[in-house]
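Q: Please take a close look at the largest cavity in this model: which residues line the largest cavity, and which of them lie nearest its centre? I would also like to know how the helices around the lining pack.

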Amino acid sequence: MTELIAVALITVLAVISPGPDFAMVTRYSYLFGRRTGLTCALGIALGVQVHVFYTMYGVSLLAHHAQSVLQGVKLAGACYLAYVGWKTFFNRAPVDGGSPAGPAISAWRAFRGGFLTNALNPKTTLFVVSTYTQLVSPGTPLAWQFGYGLFMSLAHWLWFSVVAWSISSPLLRQRLLAHQATVDRAVGAVLMALGGALAAAQL
């Protein structure tokens, strides 16, 4: 029971802390609407499973002995964040917030954006690896370990669905779109700063 409470508490704290996932959901939700933001949130939740699986099956130990591989993955994630931030910062395509039409991007693109943001996020790597290595004992049943991973994904999905739902509410979205250029620059700057900081840490 103590192990379960510890995993739950750390997961909740890690999920609600601001980071690339939050910035990405915010971007998709206010630009393209609720459905797109929720699809991005689903991608983020499934991206967590990438970290869970390689941690459970010992790939983290391999990465520990092959730092160049781990650094390459982290650098790729940093570059991806910087790329999305750059595109957002220099976005010049206005969005009609009053239009109830479908999103300007496909559901697959929104899902892929959320999935890659989380799957390549070093913050999530450290969170999952440290949680499993520090809190989950060797005697913990495999089913429980899978359960912890599913809980992590569920927590990410619920939190970022709430974020997407809130950001895409008609009143807030209209206000954000009224200042779209400013918001684009703010979100883009955050993503580029996060990507730059992560890349600098690897280099």
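A: The largest cavity is lined by 13 residues, and those nearest its centre are A14, D21, K123, T124 and H156; here a cavity is a set of points, on a 1 Å grid over the protein atoms alone, where a 1.4 Å probe fits but cannot get out, and a lining residue has an atom within 4 Å of a point. Two or more lining residues come from each of α1 (2–16), α2 (20–32), α7 (122–134) and α8 (142–167), helices being DSSP runs of H or I with at least four residues, numbered from the N terminus.

This is a predicted model, in which local features need pLDDT of at least 70 and side-chain atom pairs count only at pLDDT 80 or more, while totals for chains, interfaces and linings use all residues. Residues are numbered from 1 along each chain as its sequence is written, and side-chain values use heavy atoms, with hydrogens and water left out.

The volume of the largest cavity is about 100 Å³, taken as the space filled by probe spheres set on grid points that are joined across faces, edges and corners, and the count comes to one cavity of 30 Å³ or more.

Of the helices that contribute to the lining, α1 and α8 pack with their axes 10 Å apart at an angle of about 30 degrees, where axes are lines fitted to C-alpha atoms over the stretch in contact and angles run from 0 to 180 degrees between N-to-C directions. The two helices α1 and α8 are therefore roughly parallel to each other, the term for angles under 35 degrees.

Within α8 lies a stretch that UniProt, in an unreviewed entry, lists as "transmembrane region", residues 146–167; such annotations may be inferred rather than shown by experiment. Residues 146–167 are 100% helix and 0% strand, with the end C-alpha atoms 32 Å apart.

Conventions
1 Å grid on protein atoms, 1.4 Å probe; cavity = no way out; pocket = protein on both sides within 12 Å on 5 of 7 lines; lining within 4 Å. Parallel < 35°, antiparallel > 145°, perpendicular 65-115°, else oblique.
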